[in-house]
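Let's take a walk through this structure together, with the sequence and the 3D view side by side.

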Amino acid sequence: QAAISAQVISPPSAGRKRGRPAGTDLRGGRAREVSGPMAAATLRPDARLRQGSMVAYRSSKDVKKVDGVHIHYVPVPRPIITIDTGRGKQNILLGNIERMRPRDYIEGNSFVWGLVISMAGGMQHSFVFDTQIDRDFWEDQLGPDIRRRATHDVKQGPAHWAVKSVQIIEPSGQSDVALLLKMDLVAVDGIEEKPGRDLAIYEEPPQQVKETVVRFVRAEKLLPTEGTSLYRLVKSLRQRQVVLRETQKLIYDIQSQHLGERYQGLADGQEVPDSLAGEASEALGQIERSIAHRLGASGVGAQFVQKVLTRNIEKLKMINDMLKKLEASQRKTTPRPGMSPRF
């Protein structure tokens, strides 16, 4: 026992101190400095966060993984996580974090202990730790505070909302509303819900439709990702409405240029004008050139309908040519000039 005690006594020049400094290991009766995870484990949690950890880092802005990145926590004046890549530093404000979650997966021949941080603006930061203990320490220490800050504030309510369900209503033709979406919203923490939020889309240009959706997203404090999905849904529904409406009009316009229909419009005994077939052919050409503009260029459905209508126009031109020849032959053989044929 005397020998062991002699080994842990500080030399006279160092002076006597009470206790032992952090990062000192007394196992085996011998004082020695420790480093790495073992040294970090001897620190108080707040000191360990300030000291930081070495991680591999990637973000949604730059998915390329960067090794040897140092992260540490700075509690004042505002709590932040500082990321030092060696080439520069960036700070993550805890108040702007919406979610922190652990993520474990296999990469190559090793298991990865990850920690993913989602920001209010949609950006994500991913940290990969050497050990599960180190990763869990960061999640255990900062997770509760982040969830308290980001998900629900008693005075202001949830910071952001997500769309839980959507009911699509297409009003009757008497209404100036082209599209009505009834949405049930849920807070990102899943605690609160806001049912029956209406988004009305009017008959207006695409740019104004986009502005209407943007105003709704801001007013309801929807997540940016939800806003993007909502606009794509509205754009798709409006495109479908335009294609359906314009397709019906185009079918009517094409059919009205059928020479048989135009012959039926002549009065009894009226001679068939020579220019009638030419006028029908010219009108069909104008209709064909206007299809792309009337249906819109976006969407596979619009492109398919455009091809079908173009093919119908070509078929009607051939039918009109045959009717024109038939009418000319009947005109030569009829005993009473001026009588128009009936089809």
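In which loop does Lys-221 lie? Before answering, please keep in mind that the model is predicted. Lys-221 belongs to the loop between helix 5 (206–220) and helix 6 (224–255). Its backbone deserves a glance: phi of Lys-221 is near 55 degrees, a positive value in a residue other than glycine. With a relative accessibility of 41%, Lys-221 counts as partly exposed.

Now turn to the sheet. Seven strands make up an open, antiparallel sheet, and their order is 6-5-4-3-9-8-7. Strand 6 (89–93) and strand 7 (97–107) stand at the edges; each has a single partner strand, so one side of each lacks a neighbour in the sheet. On average, neighbouring strands of this sheet are turned by 35 degrees against each other, direction ignored. Inside the order, strand 4 pairs with strand 5 (residues 80–84) in the antiparallel sense, over five bridges. To find one point of this pairing, look at Tyr-73, whose bridge partner in strand 5 is Ile-81.

Stay with strand 4 (residues 66–74) for a moment, since His-72 is found there. Is His-72 buried or exposed? It counts as buried, because its relative accessibility is 17% and the cut-off for buried is under 20%. Leaving aside residues up to four places away in sequence, His-72 touches Leu-49, Arg-50, Gln-51, Gly-52, Ile-80, Ile-81, Thr-82 and Trp-138.

Trp-138 makes a good next stop. Leaving out residues up to four places away in sequence, its contacts include Leu-49, Gly-52, Ile-71, His-72, Tyr-73, Met-100, Leu-115 and Phe-129. Trp-138 also brings us to the largest nonpolar core, which has 22 residues; Ile-71, Phe-127, Trp-138 and Leu-142 touch the most other members. Two or more residues of this core come from each of strand 3 (53–59), strand 4, strand 5, strand 7, strand 8 (110–119), strand 9 (124–129) and helix 4. A second, separate core holds 16 residues, among them Leu-185, Val-217, Val-234 and Leu-237. In soluble globular proteins, nonpolar side chains tend to be buried together.

Charged side chains come next. How many salt bridges does a search of the whole structure find? The search finds 15. Side chains of opposite charge can pair when their charged atoms come close.

One such pair is Arg-48 and Asp-134, whose side chains meet at 3.6 Å, N to O. This salt bridge links distant parts of the chain, as Arg-48 sits in helix 3 (residues 45–51) and Asp-134 in helix 4 (residues 132–151), 86 residues apart. Both Arg-48 and Asp-134 are buried.

Another salt bridge joins Glu-193 to Lys-164, with the closest N and O atoms 2.8 Å apart. Glu-193 lies in strand 12 (residues 193–202) and Lys-164 in strand 10 (residues 161–169), so this pair ties together parts that are 29 residues apart in sequence. Glu-193 is partly exposed, at 48% relative accessible area, while Lys-164, at 52%, is exposed.

Asp-46 and Arg-44 form a further salt bridge, their closest N and O atoms being 3.5 Å apart. Here Asp-46 counts as partly exposed at 34% relative accessibility, and Arg-44 as exposed at 56%. To finish the tour, pick out the network of salt bridges that links Glu-203, Arg-238, Arg-245, Glu-246, Asp-253 and Arg-294.

Note on methods. Residues numbered from 1 in each chain as written. Predicted model: local features only at pLDDT ≥ 70, side-chain atom pairs only at ≥ 80, totals over all residues. Heavy atoms only, no water. Helix = DSSP H or I, 4+ residues; strand = E, 2+ residues; numbered from the N terminus. Buried < 20%, exposed > 50% of the residue type's maximum accessible area, 1.4 Å probe, protein only. Salt bridge = Lys/Arg side-chain N within 4 Å of Asp/Glu carboxyl O. Contact = heavy atoms within 4.5 Å. Pairing = 2+ DSSP bridges. Axes fitted to C-alpha atoms, helices over the stretch in contact; angles between N-to-C directions. Core = buried A, V, L, I, M, F, W, Y, C linked by side-chain atoms within 4.5 Å.
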